[in-house]
Amino acid sequence: MEVSGTGIDLFERVDDSSISVFSLNNTSEELIISTKKLIVRDGGKIIAFAARNNSQGGGTLTINASDSVELTGISKERFSGFILLNDFSEDGRSISGIFSTVFNVGDAGNITVNTKRLLIQDGARISASTFSIGKAGNININASDSVELNGTSPDGLVRSGLFATSTFSSGGNITIKTGQLSVQNRAQVNVAAEPTPRNIQIGITEFGSAGNIDIRADNIQLNNQAVLDANSFYGAGGNISLQAEDILLLRRNSKISATSGTPGSTGQDGNINVNTKFLVAFPSENSDIVATGFGRSVGSNIQIDAKQGIFGIEYQPQLTPQSDIVATGSVGLFTLNTQEVGQVLPELPQNPTDPTQQIAQNPCQKGTGSSFTVTGRGGLPSSPNDGFSNNETRVDLVEPVGSSSNSQAATTNQPVIVTNTNKPIIPAQGWIFNSKGEVVLTAYDPTATSTAQRSSKPTATCPAF
């Protein structure tokens, strides 16, 4: 399914290039689209729009695409007249995307996208924003494989991304569940509550708080001025919760921000919680995790649980040209089974321990109760499953003493007396292991305690037992 291009007059007709739920009354509609692949490009829109006072707010949108959803670019045509919606660029070009918008009174509807792969690029966006006193809607993304938010419009004025913002009230919430999340080249996830310059000029200063961002993914990568933003101009900043199963990577001036306020305001920053194996940044690239701004009470905190380590980014009391973690409240960094506040990893000692000073030079003299014991071969006994080594233990047989008269004795059946001048054979009384681990038969009983049979002497410089 493809939605491409724009009509000439937005407020008089909806042409074939758009799929819309358009409400002028006090009703709320629901639009559900089911397809294999959805493509929206060149200013095409899928939109739920409420123009008049509508207490029920804008309609809800649900996209079910079994393969993918691709949103690309903005229109080539410009629209003249009064343009207030955030699905148009500053010069009146139509932005491709999926929108739930309230023009006057009421909350924006919610948007849900269920797919394998979501791609938003070149200025396209998904937006559940309001330009009235109502709250922004919520955006729920369930993409089993990946979510990629990339780039801006060709003129650089429109960021690609997900937006649940409000100019008069509170921002909505954005939830992302996916395998791989990539936000790059100035793309953005934004739940801000920020007035337009016109609001500020006419003195409107009562605004709500930012929404929350909740992301669950295997990997989260922010690159080249990518932003996760939960900011409020006057109210409280939103909370950001990131769970990356493997790695959270920040590159080239990317930012995770939950701040609030302007000079003299009383808002409070939001909290940032990160749970991952690795948090990685590059010190010189100035990528930051920030929960700080103007005029808040202390209590906006950052907690990072990086099980395997934090690299290239560290706590600082204030922002620097390096990659920093900065908060108005406390900063808790949990890594390698160590909790640190105010630093990323524990300092290593300047003088490492000398192992030669930890080992007794003479185990018979160093320390109390030291001893040295001779145990023969030592170590563990061989396993019955082990093969024989080249140094097997052998016990030779005793050669019999030969005589030339044996044959005569056999034929005459006469007794023959043999005279043997060698030492008599003494039957073995026992056996021992020698210094090579060989079995040696002994003429004495080695288990006897009598010192008359043999004498022994120490085999080491200290007593043997």
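Start by selecting Asp 42 and Arg 41: the two form a salt bridge, and their closest N and O atoms are 2.5 Å apart. Keep in mind as you go that this is a predicted model. Colour the pair by accessibility and you will find that Asp 42 is partly exposed, at a relative accessible area of 32%. Arg 41 is also given as partly exposed, with 32% relative accessibility.

Next, move to Glu 70 and show its side chain together with that of Arg 117. Here is another salt bridge, with 2.8 Å between the closest N and O atoms. Glu 70 sits in strand S5 and Arg 117 in strand S9 (residues 111–121), so this pair ties together parts of the chain that are 47 residues apart in sequence. Arg 117 is partly exposed, its relative accessible area being 30%. Before leaving salt bridges that share partners, add Glu 2 to your earlier selection: Glu 2, Arg 41 and Asp 42 are joined into one network.

Now stay on Glu 70 and bring in Lys 37. Their side chains meet in a salt bridge too, at 3.7 Å from N to O. This pair links distant parts of the chain, with Glu 70 in strand S5 (residues 60–72) and Lys 37 in strand S3 (residues 30–41), 33 residues apart. Is Glu 70 buried or exposed? Glu 70 is buried, because its relative accessible area of 16% falls under the 20% limit. Lys 37, in turn, is partly exposed at 33% relative accessibility. If you would like to hunt for further pairs, a search of the whole structure finds seven salt bridges.

For a change of scene, select Gln 188, which lies in strand S14 (residues 188–190). With a relative accessibility of 9%, Gln 188 counts as buried. Which residues is Gln 188 in contact with, leaving aside its neighbours within four places in sequence? Show Leu 149, Arg 159, Ser 160, Gly 161, Leu 162, Phe 163, Val 183, Val 227 and Asp 229, and you have them on screen. Then draw a distance from the C-alpha atom of Gln 188 to that of Ala 226: they are separated by 5.9 Å, although the two residues are 38 apart along the chain.

Finish at the surface. Select Trp 431, Phe 433 and Leu 441, which make a nonpolar surface patch of about 340 Å². To place this patch on the fold, highlight strand S26 (residues 430–433), where Trp 431 lies.

Terms used
Residues are numbered from 1 along each chain as its sequence is written. This is a predicted model: local features need pLDDT of at least 70, side-chain atom pairs count only at pLDDT 80 or more; totals for chains, interfaces and linings use all residues. Side-chain values use heavy atoms; hydrogens and water are left out. Patches are made of residues with over 30% relative accessible area and no salt bridge: like charges are joined within 9 Å, nonpolar side chains (Val, Leu, Ile, Met, Phe, Trp, Tyr) within 5 Å. Accessible areas come from the Shrake-Rupley method with a 1.4 Å probe; for residues, only the protein chains shown count as cover. A salt bridge is a side-chain nitrogen of Lys or Arg within 4 Å of a carboxyl oxygen of Asp or Glu. Helices (H or I, at least four residues) and strands (E, at least two) are DSSP runs, numbered from the N terminus. Buried means under 20% relative accessible area, exposed over 50%, partly exposed in between (1.4 Å probe, protein chains only). Contact means heavy atoms within 4.5 Å.
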